Amino acid sequence: MTDSLALFLQVTVNGIAIGSIYALVALGIVLIYKATEVLNFAHGDLLVLSAFSAWALIAFAGLPFWLVLPLVAAGVAALAYGMDALIVRRIAGQPAFAGVMLTIALAFMLRGLVSMGFGTEAQTYPTPWSGQSLRLGGAAVSELSVVILAVVLVVTAGLWLFFTRTRLGVAMQAASQNQLAAYLNGVKVKRLNSLVWALAGATAAIAGVFMAPVSLVDTSLWLVTLKALAAIVLGGFGSLPGAFVGGLLIGLIEQYAGVYLPHGFKDIAAYLVLIAVLILRPRGLFGEAHGRRV
Amino acid sequence: MTQPLLELDKAALSFGGVRAIAGLSMQVHAGEVLAVIGPNGAGKTSMLNLVTRVFDATQGSIRFKGQEISRLPRQAIAHLGIARTFQNIELFETGTVLDNLLLGRHRFGAGAWWQQVLRTPALTRIEEQHRAKVEEVIEFLDLSPWRNSLVAGLPYGVRKVVELGRALATSPELLILDEPASGLNPEETRDLAFWIDDIRSDLGITVVMIEHDMALVSAVADRVICMAQGRVLATGTAAEVQAHPDVIAAYLGT
Amino acid sequence: MRFDYHTRYAQGFALLRHTRDRVGYGLLLAVLLAAPLVLSNYLLGELAYILILCIAAMGLMVLTGFTGQVSLGHAAFVAIGAYGHAWMLAQGVPFLLALPLAGVLAGLAGLVVGIPAIRVHGLYLAMVTLAFSIVVEQVIGLWRGVTGGFMGLPVETARVWGASLGSPTPFYYLCLAVAVLVLLALANLLRSGIGRAFAGVRDSEAAAYALGIGVARVKVGAFALSAGVTGLAGALMAHHLGYLTPDAFTLLLSLDLVLMVVIGGLGSLRGAILGAILISLLPKLVTFLKGFLPEAASRQFGLEIFVAGLVLALFVLFEPRGLNGRWLKLRALIETFPLYRRDTFRRQKSYMKTERNR
């Protein structure tokens with residue numbers, strides 16, 4: 001295998017590995033958006049909270065990874081449920097801007113609390129797959145990345161089925177389109193929305209717990225929210241498969257940019273993609289086009 | 001035969017596979033009050049949206065005073081002297097009645113940007129002129145009690161009148177009303193009938209109204225066009241159209 | 001109670017309609033002019049910084065508050081104004097020319113951003129501007145030739161006809177002058193035809209089109225104007241900082257500006273100023289609070305960002321009309337006392353309806 005092909009393969013593998021994390025984060029954000037049309041800017045901070053919590057549980061309480069994952073997921077899901085039930089729910093009916101502002105406010109609050117509670121130093125912790133890698137063709141891929149990708153695939157498929165095939169999922173979609181009508185049809189809108197937040201919180205937790213070993217736990221991890229936004233835009237707003245595909249593509253584009261484009265492009269690749277997609281094809285790959293009757 | 005004020009010639013409009021308007025040909029003569037009736041989905045509002053360039057006609061031509069307008073940019077229509085109201089009121093919710101009406105004067109210009117920044121005496125005069133014109137509209141529509149009220153808190157009937165006033169403030173030649181009487185009580189509808197009559201007689205404005213209220217149509221309209229499925233079904237006076245068998249079958253019922 | 005008794009239309013749309021307003025603002029101006037006589041150099045510098053932020057907030061308010069275009073990336077225009085100004089000074093352009101030119105440069109950037117940006121709405125526009133801000137931050141860091149990259153760019157002291165404006169008092173007066181001029185210019189603009197067009201585009205594009213308003217032109221114009229004013233603030237900021245590095249213009253600055261505009265109250269210049277004052281004083285407030293907290297909680301700036309988030313959340317939930325809304329309610333209370341009705345400003349309960357079909 002030639003060197004350049006081996007390099008390409010390695011970069012592709014890395015891209016998919018990091019892309020699957022972006023996909024998982026994007027999924028969580030799309031979930032909430034589909035149900036409540038609120039764009040959750042605090043999602044990345046839920047991820048950071050999960051990562052730090054996992055670190056604290058592993059490093060100080062000595063709990064094994066297998067136990068920490070569901071614990072943190074449940075905890076953050078409960079927190080997300082609370083966030084919606086107590087705070088975000090109150091701005092239902094106001095324009096989208098209010099939701100953006102409120103989630104930005106929550107993001108700030110979470111970030112502040114995490115900084116104060118866990119300190120500012122970057123941390124990491126071991127997982128059952130740390131340090132082990134497979135060879136795929138000419139590329140080395142860490143077992144952890146494979147596991148992450150598998151988890152993301154399962155979560156995406158599960159969520160998509162949930163929204164399209166189950167009554168609860170359809171009810172959620174109805175509530176997002178016309179809340180009053182959904183109420184009148186007996187849909188328990190408030191509880192449903194909080195459940196969606198809990199679900200999204202769980203996905204953020206899973207992403208956070210798995211991501212930390214990949215790239216150090218640090219408050220700046222919240223920036224992954226922005227990458228996830230680029231993924232959602234690319235995949236098409238409101239589309240779960242779109243979020244998945246978008247995440248992988250953004251991961252790939254970043255890695256390719258880092259290797260094949262001049263220095264500095266890697267950091268802004270995701271944002272350039274976001275800008276380009278919104279200007280040229282706002283509905284992304286799988287999104288729907290919307291119009292309005294006057 | 002003088003040329004019609006507004007003419008649609010075999011206009012067609014499709015949304016993907018849905019044909020909202022198919023081969024629509026109709027004329028509006030200066031100085032008349034024309035009512036357009038028909039079942040929901042007949043294409044009445046689509047026709048209005050075609051004329052005001054919200055949508056592009058897929059076929060056919062639309063002429064206003066002989067000039068082809070089917071390819072003009074959307075904001076050019078008001079400058080020609082065509083004004084419209086909306087089926088679901090589209091007021092500027094954060095403003096007062098006065099703010100809404102003043103915006104109706106936009107097409108007459110409000111001074112150069114530097115005049116606005118420096119607030120020159122010339123600009124103050126322009127603003128006063130606009131305010132004077134708007135006061136005429138307020139007077140005409142009895143909106144004086146509501147002049148400085150925020151539109152957001154006003155009763156529905158008053159909001160409809162403000163919407164009408166805003167369209168009148170543009171000093172149009174042709175005024176197209178989209179269901180002006182929907183949601184109005186009988187007293188308000190009666191006021192509306194008088195106003196439409198005055199608009200035609202005193203202000204010399206041609207009125208096209210899309211309406212479902214047959215009593216209002218009979219009282220005010222000179223001519224009625226009934227549309228169904230995107231094309232004209234019948235034309236004539238109110239009595240003629242109401243007696244037309246196709247119209248009865250498609251819309252009025254027995 | 002106060003009744004308006006106007007005999008001319010011009011009285012109705014005057015900026016200061018009542019004697020009480022005229023006296024009040026006159027006093028405020030007098031106090032601000034006299035400030036250097038009483039305040040220390042340090043406080044004067046802080047006040048100058050607040051004035052700079054007021055200008056930037058007013059710039060953003062034009063776009064977001066008055067025209068309804070969300071921008072989460074205005075730090076980019078601050079940066080363009082700052083770096084542009086510093087670069088021009090370094091090339092020998094006289095200060096009195098470089099300052100407005102920096103604003104024009106930022107305005108042109110706003111034009112360039114605005115033309116594609118108006119094709120997207122609401123949430124999408126927020127994200128495009130966000131991404132733009134990050135890209136600009138990176139580009140500044142990489143474009144070493146012009147901006148000095150991550151090493152930074154020193155800013156020459158402002159000189160007007162030989163006299164230096166570097167010391168606190170002249171700089172303060174410079175900032176005050178620019179702030180007052182910008183405020184008056186924008187206030188005049190916003191109560192005239194252009195301002196009405198902004199509001200029209202914000203509230204109902206369909207109606208705006210139907211009234212002959214060129215919606216696209218208005219939006220792009222708002223972008224350019226907003227960017228230009230913010231760029232002007234950036235140029236003044238360059239002097240305040242003395243040395244420019246990309247990390248003075250991060251996403252956090254963009255979000256700070258948005259906080260100012262939202263907390264201040266969308267749709268009012270007074271709101272922009274009140275918001276700027278509150279947000280710039282927030283760090284001081286937090287430092288003050290830290291004195292009362294146990295050692296662990298006062299660690300680094302986690303508290304500051306938490307408080308900023310808390311304040312924003314409280315305003316969004318309980319006072320969506322912002323500080324300006326509070327001011328108006330207070331004024332209504334005083335004006336109509338004792339006949340003030342408690343539910344005068346009660347908000348209607350509203351249900352969520354999808355905005356995807358706007």
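**Exercise 1.** In this predicted model, locate C:Phe345 relative to helix 15 of chain C, and work out whether C:Phe345 counts as buried, exposed or partly exposed.

*Solution.* Start with the position: C:Phe345 lies in the segment that comes after helix 15 (322-336) of chain C. Next, take the neighbour count, which is 13 C-beta atoms inside 10 Å. A buried residue needs 20 or more, and an exposed one has 12 or fewer. C:Phe345 therefore counts as partly exposed. To finish, pair C:Phe345 with C:Arg17: the two are 328 residues apart along the chain, and 23 Å separates their C-alpha atoms.

**Exercise 2.** Compare the span of helix 12 of chain C with the expected one, then find out how many of its residues are buried.

*Solution.* Helix 12 of chain C covers residues 251-264, which makes 14 residues. From first C-alpha to last, helix 12 reaches 20 Å, close to the 20 Å expected at 1.5 Å a residue. Now turn to burial: 12 of the 14 residues are buried, so helix 12 is largely enclosed by the rest of the structure. Among them are C:Leu253, C:Asp256, C:Met260 and C:Gly264. Just past the helix comes C:Gly265, with a positive phi near 120°.

**Exercise 3.** Describe the side of chain A that touches chain C: which helix gives the most?

*Solution.* First, the contact count: 49 residues of chain A meet 44 residues of chain C. Several helices of chain A each supply at least two residues to this side, including helix 6 (167-177) and helix 9 (224-235). Helix 4 of chain A gives the most, with 17 residues. Finally, sort the residues on chain A's side by type: 32 are nonpolar, 12 polar and 5 charged.

Conventions:
Residues numbered from 1 in each chain as written. Chains lettered and ligands numbered in written order. Predicted model: local features only at pLDDT ≥ 70, side-chain atom pairs only at ≥ 80, totals over all residues. Helix = DSSP H or I, 4+ residues; strand = E, 2+ residues; numbered from the N terminus. Expected span 1.5 Å × (residues − 1). Contact = placed C-beta atoms within 7 Å. Nonpolar A, V, L, I, M, F, W, Y, C, P; charged D, E, K, R; others polar.
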